[in-house]
Amino acid sequence: ETQIIEIDCNHMEEKALEGLAEILRRGGTVAFPTETVYGLGANALDIEAVKKIFQAKGRPSDNPLIVHVARIEDIQPLVKDIPLQARRVMERFWPGPLTIVLEKTEGVPLAITGGLDTVAIRIPAHPIAQRLIQMAGVPVAAPSANLSGKPSPTRGEHVVKDLRGKVDAIIMGGSCDVGVESTVLDVTGEVPTILRPGGITKEMLLEVLERVEVDPGLKGEEDIIPKSPGMKYTHYAPEAEVYILKGQEEKVHHKIQELVSRYKAEGKRVGIICFDEDHDEYRGEIVKSMGSRGELKTVAANLFKVLREFDETEVDIILAEAVEEIDLGEAIMNRLTKAAGYKIIYVE
Ligand code: TXA
Ligand code: MG
């Protein structure tokens, strides 16, 4: 039986949180909100507890987990050393939507790192996550709290849908501000490298780092394997087939209208993902907007919710508009492209 507990982050009930921290300490699993997406937590130093995470999610065991801590001092026992560049980004962006990959100590179980000798660490900013981890008094391993392959959960309801009956407790703590998972930055090489784009953008990292590279494996070309094990799996996939349309806006509108007619003639049901500005182009169809094209923060916050909403409808095919891959647009297009299984239609 899964305990489902509502917590208001403006009036946090210490007693309820203490009970949840106790579940973590004793080797149980607790799903909790963070500012990016909901996470499914367990004591990172307890191998049996960590196994429960993989089981509940149906996650491949070679896909490593992020370890969450409450304060910078808490990473000391987990990592060999903290290079200067790592120190800079931590001081600037923690707590926040940034995960840093460092060389691990013997203390970190290989079950967490998927056998790698590095460990991914993050200090979340969400008040519930902060307080829970602090109270638990142990590092908390937490992947996104979705079934493996599904869009990450950005609302308590998403977690309940995926994990009720599979975990010990779920905290219902409202919606997540950022809406896409943290940026994963590897600082073990000479040049810091983004393994997964997220809430802290390349542009922001360049405020404190001289150089930042982006893992070429992220583009989905078959012969380049991504460095972050998780990025190689199909992900975020709604039940319908997703296609992304790229090109000049007017031409994309026309192409979508044309494809909708064609698919309908074949007896297929079509959904459209677009932006507020373009909503009227598709009157009469099943359309969901992610927000205004000019407000990438809103678009990121709504992306997974919209993908999940389509699972409640009966569509066979989803046609999605694209944004430019700069700033937060990089993370948005990374997730959308994975949801589409890299199926992109370039409109000339
Ligand atoms: O925002 C987030 O990061 C959320 C919240 C709950 O903190 N967590 C999250 O975890 O997205 P997960 O497990 O869904 O994604 C972790 C990503 C995966 O792509 C994984 O392969 C990568 O981080 N990762 C973990 N450890 C790594 C390591 N040692 N080296 C390279 N990549 C690593
Ligand atoms: Mg995930």
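In this predicted model, a good place to begin is H68, which touches R122, P124, I133, P139, V140, A141 and A142 when residues up to four places away in sequence are not counted. H68 lies in strand β4, made of residues 66-68, and its side chain reaches the backbone oxygen of I66 at 3.3 Å. With a relative accessibility of 4%, H68 counts as buried, because that word is used for values under 20%.

One of the residues that H68 touches is R122, which is found in strand β6, residues 118-122. R122 also counts as buried, at 2% relative accessibility, and its side chain is joined to that of E35 by a polar contact of 2.9 Å.

Both H68 and R122 appear in a database record: the UniProt annotation "binding site", from an unreviewed entry, covers T36, H68, R122, A142 and S182. Although these residues span 147 residues in sequence, no two of their C-alpha atoms are more than 12.8 Å apart, so they gather at one spot.

From here we can widen the view to the strands around these residues. Strands in a sheet pair through backbone hydrogen bonds, and they may do so in a parallel or an antiparallel way. Strands β4 and β6 run parallel and are joined by three bridges, and I66 has A120 as its bridge partner in β6. Helix α3, residues 84-93, packs on the sheet, where it touches β5 (98-103) and β9 (183-186), and its direction makes about 155° with that of β5.

The sheet as a whole is open and mixed in its pairing, with eleven strands in the order β1-β8-β2-β3-β7-β4-β6-β5-β9-β10-β11. At its edges stand β1 (3-6) and β11 (213-214), each of which has a single partner strand, so one side of each is left without a neighbour in the sheet. Helix α6, residues 156-163, lies across β1, β2, β3 and β8, running at about 160° to β8.

A further open sheet is formed by five strands in the order β14-β13-β15-β12-β16, with parallel pairing. Its edge strands, β14 (286-289) and β16 (344-346), each pair on one side only, and neighbouring strands of this sheet are turned against each other by 25° on average, direction ignored. Within it, β13 (residues 270-274) and β15 (residues 317-321) pair in the parallel sense over four bridges, and the partner of V270 in β15 is I317. Helix α8, residues 249-265, lies across β12, β13, β15 and β16, at about 175° to β15, while helix α10, residues 329-339, touches β12, β15 and β16, its direction making about 135° with that of β12.

Definitions and conventions: Residues numbered from 1 in each chain as written. Chains lettered and ligands numbered in written order. Predicted model: local features only at pLDDT ≥ 70, side-chain atom pairs only at ≥ 80, totals over all residues. Heavy atoms only, no water. UniProt positions renumbered as here; feature names shortened; annotations may be inferred. Helix = DSSP H or I, 4+ residues; strand = E, 2+ residues; numbered from the N terminus. Buried < 20%, exposed > 50% of the residue type's maximum accessible area, 1.4 Å probe, protein only. Contact = heavy atoms within 4.5 Å. Polar contact = N/O pair within 3.5 Å; in protein donor to acceptor, adjacent residues only side chain to side chain. Pairing = 2+ DSSP bridges. Axes fitted to C-alpha atoms, helices over the stretch in contact; angles between N-to-C directions.
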